[in-house]
Each structure stands twice: as C-alpha cells, then as structure tokens.
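Reader: I'd like a close look at the open and enclosed spaces in this protein, beginning with the second largest pocket. Could you walk me through what lines each of them, and then take me over to the ligand?

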Amino acid sequence: MTSELIDRLRADLTTANFSVSALTGLWGAPAEAALHRNQRVPALRALAALRDRLERTEPSATLAQLFVLGLPVSAADAGNAFPALGLDGAEQLGLVTREAADVRPLLDLRPYSFIDAHGAGSWWVASDLGELALGHALTETHVLGVGGASLTLTGLMIPTPVKSALDLGTGCGIQAMHAARHAERVVATDISERALELAALNAELNGIRNIEFRLGSLFEPVGGERFDHIISNPPFVITPRVAGVPSYEYRDGGLVGDAIVEAVVRGSAEHLSPGGIAQLLGNWEYRTDAGGQEVDAFERLRDWLGDPGDAAAQGAWIIEREVQLPTEYAETWIRDGGTLPDSAEFDRLYDAWLDDFAARGVRQVGFGYLLLRKPVGGDEPLRRLERLHGELGTNGSGLGTHLAECLAAHDWNARTDAVALARARFTVAPDVTEERHYWPGADDPTLMTLHQGGGFGRSVQLDTALAALVGACDGELAVSAIIAALAHLLDADEHALTEQLLPRVRELLGDGFLLPPGL
Ligand SMILES: C[S@@+](CC[C@H](N)C(=O)[O-])C[C@H]1O[C@@H](n2cnc3c(N)ncnc32)[C@H](O)[C@@H]1O
C-alpha cells in the first residue's frame, strides 16, 4: 500500500516539475539566496506575484510553499498539486495534515540535484520540518535534511565501484543514496527509527533499491560484517553531558568530548575489508593534560589509529580544515539548536559548554575529513595527517576522484624504489599551472610557484631545477634523462641533483601535481 502511495507521490512530483531549477525559476536567485539564510519572505512574495499574474496557482508553487517554505496552502490548491496521490494519500504518507480549509505540511520535502563522478542526477529528499517552518527550536529527535556537512561528505565520497558499503548514521539517507550509485549493496544504519523510515521513503521515492536499513547504535547492527566502503557523517558535535543541555540525536552521539569520532575510527578497523576505505567527518579536541602539557590533537588521532607496526593498525589520511576556539564552538552549536543569543537560556548553555571544555583542558577544536584504509596483507599503513585550512580547488563533481587518484599515486610511490622512479615517465596533471615573478628587468624569475586548480588547491614553491624538471614531464622523457640534462645545463652534480629532486617528485605525485605512468 505504502509503495503504491509513494509511486503516486513520485508521479505528482514529476508532473509538477518539482525540481531545483523550477524552484529557482519560481522565485529567482535572490530569494533562493535568502532562503539559505533562513529568510522566506522574498520567496513568498515571488509566489504571490506569480499567482496574481497567472490568476491561478501552479502545482509546483503549491508544493514549494508547503514543503520548502513550510507554510499552509488551501485544500483546493493542495488537491490540484496531488492529482494522483490525493489529499488522503498525502495524509497517509505523513506529508500533510488538514486543518479546516487549509493543508499544513508535516515534513520538509525538496528537490535535490547533484553532479558526481557518475554524472548528473536529481532526487527528492524528505526530512523533518526545520526551525523556520516550525517557528521554534528543533526537537531532540529531529531528522536532518541535506545540510552543508552532508554535501561536504557526498563530495568527498570515493566513487570507485565496490560490492558493499555502510552508511553509519544515515539520517534522511542522503549518503546511502549516493553510495548506492557505486556500491552493489548498501547497509544504512541509525539509532533513530524515524530517520530510517524517512530514509527508506527517500530511497523508494527515488527508485533506489539496493539499500537495506537497520536500527541500532554505531556498529551494533553490523556485528561481524565487513564492508568495502564505510561512509559516516556521525553525530560528532561536542556537547556537555549535564542535565538541562538538550541532546539532539541528529548531531550528538551522547558521548563525552570527541569520543564518538574515536568510536567510529576504532570501530571501522573491525568492519572494513582489506583495502576497504572509511570516510567520515569529525571534530577533535586539542587538550592540555593534567600536567599542563599541551597535547596536539593529531597525537590523539594517531593513538586512535594504532601503532603502524601493529597488525590491527589502520591506514589514514586526515585533513584538518579548520579550528575553532571553545567560545566560537559553543556559540555556533547553541545557535544551531535554535537558541537565540542575548537570552538567559543562551547564556546558561554557554556556561555549560565552557565548563565542559574546561574539564578536559580543551584549547581548541579541529574539524576535518577522515579517510581510513584497511591495509592489504603486510602493507605499511598509510599515515598522512595534515592541516589544509585554505580554500579548496574547483572540483565540479566533488573531491572523491582526486582523493582516489592521490591514494593510487601514494601506492605507486610506496611500491616503486628509487631506481624505478628515476626510470619512470610522468605527465603534469591538467589542472596545474605555473606562476613566475620577476624583479623588473631581470631575465630569471625570483619566485616560481605551481598551483593546483582542482583537488585541495595546493601551491608549491619551485627552485630552478624542480621547475625545469616539471616543465619537461611530458610523458616521453624518463626522470633520470631529465635530471642528466639538467645537471649538464646547470653545471651541477648529477647524483646530488637526483638525491635532491626524487623526494620532491614523490611529493608532487602524492599531491596530484604529477601523474604516475598508467594511472
Ligand atoms: C549528522 S547526522 C547525519 C545524517 C546524514 N547521514 C547526513 O550526512 O546528512 C547523524 C545521524 O546519526 C544518527 N545517530 C545518532 N547517534 C547514533 C548512534 N549512536 N549510532 C548510529 N547513528 C546515530 C542520528 O540519528 C543522525 O541521523
């Protein structure tokens, strides 16, 4: 019965052309931008103007007013917008409720479009009504829609085809639906029954049939199972564990400090198949220990990963994207929960957050991307922890492909000794440009920099020899031949130049500036 109702809902949304581009067409880009700032007045005015001009209400406008703006519409307009499903069907699916001559939304339902490594796509995503539609702070059991963090993680997702994937903490199911594009089968878990119901509705609404939904905390629902790809946007928001501080299921895993991130990192070691990759977002605390010693958060992360010499250790590439002071962190997350500044409640919660941070000596909180990889056989685990706080490059279909290419280059580097490296022929990645600065009138540049257009948008300073080497990497000449020619030109010792340049070549490979042969 529900499946049939969902089929009818899909038919109505399709007939109404309830799409991202249609919504932008309905209310225009400025109103759209205002909605991103949680302001719906411009969109509402645009819908009213359209209604006046056409002297009728378009079904797409009715759906937009109900499910995106979260406002009631007349029962007559709602009936027109659901010719196949009908108002009874919409009520049965829990989308709306009737109140006298009006119909009020019970869910947020909006179109979502994307471009990933497999191409462009568009879906509809249902979630709980947000703060704007509710007119008050979110409830503790709120099921989140597609937010900024969700999109960051979907963009990071490595699109390599795999047999199995796990989405831990699926919420509305957005990561699972993306994973279902490259994994034969996906298991999506959540501690919230309601989240699983919405995620299942979304999968079915979008015709995605290879996701299985399971209820339970962390890895509990997948005991003894291993996956090729684990994705998780875990509820990592650090929250004081004291009475009177709301604990939002969608962002707070109920543990102290960053322990939920630690639990997912440690747990993934037992749930990845050899060579399998886990990708998650997380926070990590920079603490001062009881002896007054400042502890770098990366030391704590290394501890979670295990000693690289240990058979159970995980490989990891961790990228810190930003850090916040405890004060900034507390303000961000108290406001996110719907408590407005300049209120007694805000101040009370602020105190609780600062007490909590003080109890562990937290100096700052890092946020970033974690990529974990289960080593194959006796391979040395990957260990790359870095701080990249600047702007990313331009990545039309996300960073996932770049991550996969860098991992492949890392593996190529690891299995290639100095002799084979010198014999290899490289090409320069297509997004790389070189910038040169000259003193006025000088023939030789004083500063040379390589810039990466995509990926992490890295920049690398070059000396004369490295600039010449990179410039000669056309896929035809072996590195050793380029270095021999350079030694001659620069009147330098060939052996010393080789020793100087090969480590730099390895770095450029690992960062995606140079491409290894055959990759
Ligand atoms: C930040 S939301 C992420 C939702 C979605 N995956 C996304 O990327 O937008 C975290 C999700 O984890 C769920 N969750 C909270 N505690 C959990 C736990 N102990 N085990 C599994 N899931 C949990 C929440 O219900 C919520 O749906």
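Author: Sure, let's start with that pocket. The second largest pocket takes in about 460 Å³ of space. Its lining is made up of 25 residues, and those closest to the centre are Arg373, Leu382, His410, Asp411 and Ala414. Bear in mind as we go that this is a predicted model.

Which elements build that lining? At least two residues each come from S12, strand S14 (383-387), H15 and helix H19 (494-510). H15 is the top contributor to this pocket, supplying seven residues. Sorted by class, the pocket lining has eleven charged residues, nine nonpolar ones and five polar ones.

Now for the enclosed spaces. A general point helps here: if you roll a probe the size of a water molecule over the atoms, you find out where empty space is left. In this structure, there are four cavities of 30 Å³ or more. The largest cavity holds about 90 Å³. Of the 13 residues lining the largest cavity, Asp116, Ala117, Thr154, Met157 and Pro159 sit closest to its centre. Two elements give two or more residues each to that lining, namely helix H8 (148-156) and helix H15 (400-415). So what is the mix of classes there? The lining of the largest cavity counts eight polar residues, four nonpolar and one charged.

The second largest cavity comes in at about 50 Å³. Around it you'll find Leu156, Gln279, Leu280, Trp317, Ile319, Tyr369, Leu370, Leu371 and Leu403. Here strands do a good share of the work: strand S10 (272-288), strand S12 (315-324) and strand S13 (362-373) each give two or more residues to the lining. S13 gives the most, with three residues. By class, eight residues of this lining are nonpolar and one is polar, with no charged residues.

It's worth putting the elements side by side. H15 turns up in the lining of the largest cavity, and H15 is also the leading contributor to the second largest pocket. S12, for its part, helps line the second largest cavity and supplies residues to the second largest pocket.

On to the ligand. It is surrounded by 16 residues, and the closest are Ser150, Gly169, Asp190, Leu218 and Tyr250. Where do nitrogen atoms of the ligand meet polar atoms of the protein? At Gly169, a backbone N or O atom lies 2.8 Å from a ligand nitrogen. For Ser217 it is a polar side-chain atom, 2.9 Å from a nitrogen of the ligand. At Leu218, a polar backbone atom sits 2.8 Å from a ligand nitrogen. How much of the ligand does the protein cover? On its own the ligand exposes 600 Å², and 96% of that is buried by the protein. The shell around the ligand splits into nine polar, five nonpolar and two charged residues.

One last stop, among the charged pairs. The structure holds 32 salt bridges. One of them joins Arg241 to Asp252, with 2.6 Å between the closest N and O atoms. Both Arg241 and Asp252 lie in the loop between strand S9 (227-232) and helix H11 (259-271), so the pair ties together parts that are eleven residues apart in sequence.

Key:
Residues are numbered from 1 along each chain as its sequence is written. This is a predicted model: local features need pLDDT of at least 70, side-chain atom pairs count only at pLDDT 80 or more; totals for chains, interfaces and linings use all residues. Side-chain values use heavy atoms; hydrogens and water are left out. On a 1 Å grid over the protein atoms alone, a cavity is a set of points where a 1.4 Å probe fits but cannot get out, and a pocket is an open set with protein on both sides within 12 Å along at least five of seven lines; lining residues have an atom within 4 Å of a point. Grid points are joined across faces, edges and corners, and a volume is the space filled by probe spheres set on the points. Helices (H or I, at least four residues) and strands (E, at least two) are DSSP runs, numbered from the N terminus. Ala, Val, Leu, Ile, Met, Phe, Trp, Tyr, Cys and Pro count as nonpolar, Asp, Glu, Lys and Arg as charged, and the others, Gly among them, as polar. A residue is near a molecule or strand if one of its heavy atoms lies within 4 Å of it. A polar contact is a pair of N or O atoms within 3.5 Å; within protein, one must be able to donate a hydrogen and the other to accept it, and residues adjacent in sequence count only if both atoms are side-chain atoms. Accessible areas come from the Shrake-Rupley method with a 1.4 Å probe; for residues, only the protein chains shown count as cover. A salt bridge is a side-chain nitrogen of Lys or Arg within 4 Å of a carboxyl oxygen of Asp or Glu.
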